Amino acid sequence: MDWRRRWQNNGEEFAMDDIKRALLGDQEAAKRLTKAGVLVPCPCCGSEAKFKKGFPSRQIAHCRQAVVQCKKCGVRTVTHRQLPMERWQDVDRAAIEEWNTRALILSAEEIKKWRKTHEVGKDLH
């Protein structure tokens, strides 16, 4: 999918670098994408995700819910529910932010440092 064209259609343009950075664990890039309402690809299969919001809660009346789910494999975030006195926009943002946030990928140098300090296999004997 051409992300650049999709974003231009929404009136904004972001560099593909923000998606790559978010996928590599850059928290600031993930926040920028979240603020813009952009979803990064699925962490499991790389497919496009969909944002579901506003469906009614059966447990609590007038409770907005939000979730992000992969269109292909179905992996999803937890369901975020609106708490009393909480803005519905915060519920939406929380679901998108959870989806866009990835664990930091270590560089080769960082992996070497980690291995030196955590002697792999040391605890097995």
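The largest nonpolar core of this predicted model has 17 residues. Ala22, Leu33, Leu39, Val40, Ala49, Val68 and Trp99 have the most contacts inside this core. Four elements each supply at least two of its residues: helix H2 (16-23), helix H3 (27-36), strand E2 and helix H4 (88-100). H4 gives the largest share, with four residues.

Now step back to the whole chain. The protein has 125 residues, and 30% of them count as buried. Its secondary structure comes to five helices and three strands. Read from the N terminus, the order is α-α-α-β-β-β-α-α. The three strands thus sit in the sequence between three helices before them and two after them.

Return to helix H4, the element with the largest share of the core. Two of its acidic residues are useful landmarks. Aspartate 92 lies in H4. Is aspartate 92 buried or exposed? Its relative accessible area is 8%, so aspartate 92 counts as buried, because buried means under 20%. Its C-alpha atom is separated by 9.3 Å from that of valine 68. Along the chain, these two residues are 24 residues apart. Val68 is itself among the core residues with the most contacts.

Glutamate 97 also belongs to helix H4. At 25% relative accessibility, this residue counts as partly exposed, because that value falls between the 20% limit for buried and the 50% limit for exposed. Which residue has its C-alpha atom 7.1 Å from that of glutamate 97? The partner is alanine 30, and the two are 67 residues apart along the chain.

Next, the surface. Lys50, Lys52, Arg76 and Arg81 form a positive patch. Where is arginine 76 found? This residue is in the loop between strand E2 (65-70) and strand E3 (80-81). Its relative accessible area is 42%, so arginine 76 is partly exposed. That value also passes the patch cut-off, because patch residues need over 30% relative accessible area.

A second patch is nonpolar. Leu104, Leu106, Ile111 and Trp114 make up its surface of about 380 Å². Isoleucine 111 is found in helix H5, which covers residues 108-117. With a relative accessible area of 31%, isoleucine 111 is partly exposed. This residue therefore also meets the patch requirement of over 30%.

Methods. Residues numbered from 1 in each chain as written. Predicted model: local features only at pLDDT ≥ 70, side-chain atom pairs only at ≥ 80, totals over all residues. Heavy atoms only, no water. Patch = residues over 30% accessible without salt bridge, like charges linked within 9 Å, V, L, I, M, F, W, Y side chains within 5 Å. Areas by Shrake-Rupley, 256 points an atom, 1.4 Å probe, with all protein chains shown as cover. Salt bridge = Lys/Arg side-chain N within 4 Å of Asp/Glu carboxyl O. Lys, Arg positive; Asp, Glu negative; His and termini not counted. Charge placed at Lys NZ, Arg CZ, Asp CG, Glu CD. Buried < 20%, exposed > 50% of the residue type's maximum accessible area, 1.4 Å probe, protein only. Core = buried A, V, L, I, M, F, W, Y, C linked by side-chain atoms within 4.5 Å.
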